Every structure is written in C-alpha cells, then in structure tokens.
Number of protein chains: 2
Amino acid sequence: MISTKGRYALRVMLDLAEQTKKGYVPLKDIAERQEISKKYLEIIVKDLVKGNLIKGSSGKGGGYMLCRKPEEYSVGEIIDLMENSLTAVACLAPDAKECPRAKECRTLPLWHEYDELVHNFFYSKKLTDLI
Amino acid sequence: MISTKGRYALRVMLDLAEQTKKGYVPLKDIAERQEISKKYLEIIVKDLVKGNLIKGSSGKGGGYMLCRKPEEYSVGEIIDLMENSLTAVACLAPDAKECPRAKECRTLPLWHEYDELVHNFFYSKKLTDLI
DNA sequence: TAATTACCTATTGACATAGTAGGCAAAAGG
DNA sequence: CCTTTTGCCTACTATGTCAATAGGTAATTA
C-alpha cells in the first residue's frame, strides 16, 4: 500500500507544478490548498529536498520550488523516494539478504513480473500527465 | 507490499496443488517442505479455510485439501483474501470513508488506474501458471 | 485408548505509520 | 538593526500491523 507520505508528496509536487511561474511557494500555502497539516508536510518536503526533487529557500519570499520542468518528473521517482522503494515483496527489496530458496521458489518469478509491471507503470507516468 | 501471510498462503496453495492426488495433506508436511513454522502456517490456513479456498479434516489421516481444481484458482483471490484487499491506497479501500476532495483530486484517477492494473494482473494469473 | 491431526485464544516484540511540539537559522523588508 | 516570514532540525507519541510463539482443546482414526 502506498502511504500518506507518498500520496501527499505527489500532491505537493503537483501543487508546485501548477504554481511554477510564481517562484518560491510557501509551504503554508500548499498546506492550505491541499488541506494537509503543515507540520506533517514539513517531513515530506524535507525528503523531497534531500532527494533533489525540489529546493527550498528560507526567509520572507521563500518557500519551495521544483528543480526541473514539471514534464521531466516521473511519478515513479517521487513514490520511490518517499516509500524507500516500491518493491512488491521483501525478497526483492534492495536491502534483502539472498533467499536460500530462490532457485526453487515457485513464486519468485511472479513477484519479479509484478515488480516490473508496477515499476513501468509509475515511471512511464509523468507529473504533467496528472494535470 | 505483499506480506508474508500473502506469500506463504500462495506457497501453501501451490504445495497443495502439487499434492492434489494424495488426499488430505497434513500441515506438518507442508511446513517442512516449505520451511515455514507450522505454528505460523496455522494462522494462514485458518484464513484459507474461512475463505473457502481449502478444507481441513481433523484426526489421523487428516490435513488440508483444495476445494476446487488447481486451475480454477486465481492468484488474485488468494492474495486478496490474505491481505484484506490489495488496494493501492487507503482512499480506495473497501471500508474507506468517502474523501471530500475526491471530485477535485488530481491523483485519484492514477490510483484507480493502478488498482485496476494490479487487479487484472493477479486475477489473470492462475495457480497452475506457477507450476 | 493412544496417536495424530486440526482448531482456538491469547500474548509478544519489533517496527512502521501518521502525526504533534517546540525551537533554531536564514533571509528579506522596513 | 529589528521584526517578520519563511525553512529547517530534533525529539516525542499514540496507534496499529507484522510476524511470530505458546499452550491448550476438539475431532478422528487405527
């Protein structure tokens, strides 16, 4: 399941994409438009900044801004960043230790196929496809 | 993410599908073959029985057995049962209260599309496709 | 009646989720 | 310089889920 962090992050990115001409957008405004607690959004934008998807500027006239053009973002990279990978099963997670049953496992190919399907779906969707 | 419950359940079903001529299969044997704690499997098979996917028989010579022919099971119904729906986001869960932002939400159509993709993928896969 | 099996309830530790609280740091406007 | 506005940082917490474990009762057969 995709958590609120992933979903909210996507909404923040969409909000910023729509305000793209206005320079830095204060988080307060985003929080009000999106009806999400500003405090909680702080956590989310922090991750987005750390992941180089957006940049922030302090002080009066500050706020957040996209780093690239909206059409250059895929939904996949946003979700991936927030969820720490959107892998379907623990066996396929980046940090997973190799399963001794992998060779004989009847279900592993299914998870692989599923993983690829999901990955392709989200990475082929651009931010601008949602506006 | 699909939990161990869902993954183990699928492996139990596959195990039963392969032993289909042997009548009732004791959980002890499944646990040994699959290298999963029998105690934990008890929880899983209980759900499978309750969901009418398998049936159990007590006493000597007892165990578990599929209710239908292996080719008549979709992977989707197994996962769905164990995960209490494999919905992508809370907004689309069966028990979710209606979101006041649904009409204007830019992301909802994406989740719908994703949900359908996943649903179709798992429901089109039959148990026998994995053997 | 003994062995074998399923079936039932309760408990646990670890971790993740979804936030909240309070303050410090930076930048701009007057 | 000082105040306001903003981002940024650390810490805390309540709730819930996951992945099991433990210990027993009930049913069935040889």
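**Two chains, two DNA strands and two cores**

Let's start at the DNA: the surface near strand D is made of seven nonpolar, twelve polar and seven charged residues. "Near" means that a residue's C-beta atom, placed from the backbone, lies within 6 Å of the strand. As for classes, Ala, Val, Leu, Ile, Met, Phe, Trp, Tyr, Cys and Pro count as nonpolar, Asp, Glu, Lys and Arg as charged, and the others, Gly among them, as polar. What you have above is a predicted model, in which local features need pLDDT of at least 70 and side-chain atom pairs count only at pLDDT 80 or more, while totals for chains, interfaces and linings use all residues. Residues are numbered from 1 along each chain as its sequence is written, and chains are lettered from A and ligands numbered from 1 in the order in which they are written.

Back to strand D, which has 26 residues around it, the closest being Leu27(A), Gly56(A), Ser3(B), Ser37(B) and Gly59(B). Two or more residues each come from α2 (27-34), α3, β1 (54-57) and β2 (63-66) of chain A, and from α1 and α3 of chain B. These labels are DSSP runs numbered from the N terminus: helices (H or I) have at least four residues and strands (E) at least two. The top contributor here is α3(A), with four residues.

Now look at strand C. Again 26 residues surround it, and the closest are Ser3(A), Ser37(A), Gly59(A), Leu27(B) and Gly56(B). This time α1 and α3 come from chain A, while α2 (27-34), α3, β1 (54-57) and β2 (63-66) come from chain B, each giving two or more residues. For strand C, α3(B) gives the most, with four residues.

How do the two protein chains relate? A turn of 180 degrees and a shift of 0.0 Å along the axis lay chain B on chain A with an RMSD of 0.1 Å, when the copies are superposed by least squares on C-alpha atoms with pLDDT of at least 70 in both. The two copies are thus related as by a two-fold rotation axis. Within chain B, Met1(B) comes closest to that axis, with its C-alpha at 3.0 Å.

Where the chains meet, 20 residues of chain B and 21 residues of chain A take part; two residues are in contact if their C-beta atoms, placed from the backbone, lie within 7 Å. On chain B's side, α1 and α5 are the elements giving two or more residues. That side has 13 nonpolar, one polar and six charged residues.

Next, the inside. The largest nonpolar core holds 29 residues, and Ala9(B), Val12(B), Met13(B) and Ile78(B) have the most contacts inside it. Such a core is a set of buried Ala, Val, Leu, Ile, Met, Phe, Trp, Tyr and Cys residues joined through C-beta atoms within 7 Å; buried means that 20 or more other C-beta atoms lie within 10 Å of a residue's own, placed from the backbone. At least two residues each come from α5 (108-124) of chain A and from α1 (4-18), α3 (38-50) and α4 (75-83) of chain B. Helix α1(B) supplies the most, with seven. Beyond its neighbours within four places in sequence, Val12(B) is in contact with Ile30(B), Leu41(B), Ile44(B), Val45(B) and Leu48(B). Another core, of 28 residues, lies apart from this one and includes Ala9(A), Leu10(A), Val12(A) and Ile30(A).

Finally, there's α4 of chain A (residues 75-83), whose buried residues are Val75(A), Ile78(A), Ile79(A) and Met82(A).

How values were computed:
Buried ≥ 20, exposed ≤ 12 C-beta atoms within 10 Å, placed from the backbone.
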